[in-house]
Amino acid sequence: MMQSKHGTGDTMSDSKKILPCPFCNGKAEIYMHYPPFGRRVRITVRCTQCRANSGEWGMIDKAIEAWNRRVPVKDEYEVYG
Ligand SMILES: [Zn+2]
């Protein structure tokens, strides 16, 4: 039997895929930082292996976009090479 498409399939996970890490090809995850109240939540996409990250953003979409642009920054204590 062939699978039939129903039109109303995947509405979520389509546009917001998190690409693998550009440095080590590791898995990246979303981290939410909840600062003391009065401040806005900060969202970072970070590699679970080498800790490369997208920087901090106010929205998940923005963080994923930045990460997927493949220009993440490293933590300052990360040693290169
Ligand atoms: Zn990595």
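What covers the buried residues of helix 1? Hold that thought while I set the scene.

This is a predicted model. The protein chain has 81 residues, and 17% of them count as buried. Its secondary structure is brief to list: one helix and two strands. Along the sequence, the order is β-β-α.

Now the helix. The buried residues in helix 1 are A63, I64, A66 and W67. They sit on the same side of helix 1, because together they span an arc of only 160° around the axis. The general rule is familiar: an α-helix has 3.6 residues a turn, so positions three or four apart point the same way.

Back to the opening question. The cover over those buried helix 1 residues includes strand 1, at 28–33, and strand 2.

Next, the core. The largest nonpolar core has ten residues. They are C21, A28, I43, V45, C47, A52, A63, I64, A66 and W67. Two elements each supply at least two of these residues: strand 2, running 42–47, and helix 1, running 60–68. Which element gives the most to this core? Helix 1 does, with four residues.

What follows the helix? R70 comes after helix 1, and its phi is positive, near 65°. Worth a look on the screen.

One last number, on contacts. Take those in the protein chain between residues at least 6 apart in sequence. Of these, 30% join residues at least 24 apart.

To recap: β-β-α along the chain, a ten-residue largest nonpolar core, and helix 1 as the element that gives the most to that core.

Note on methods: Residues are numbered from 1 along each chain as its sequence is written. This is a predicted model: local features need pLDDT of at least 70, side-chain atom pairs count only at pLDDT 80 or more; totals for chains, interfaces and linings use all residues. A nonpolar core is a set of buried Ala, Val, Leu, Ile, Met, Phe, Trp, Tyr and Cys residues joined through C-beta atoms within 7 Å. A residue is buried if 20 or more other C-beta atoms lie within 10 Å of its own, exposed if 12 or fewer, and partly exposed in between; C-beta atoms are placed from the backbone. The arc is that of the directions from the helix axis to the C-beta atoms. Two residues are in contact if their C-beta atoms, placed from the backbone, lie within 7 Å.
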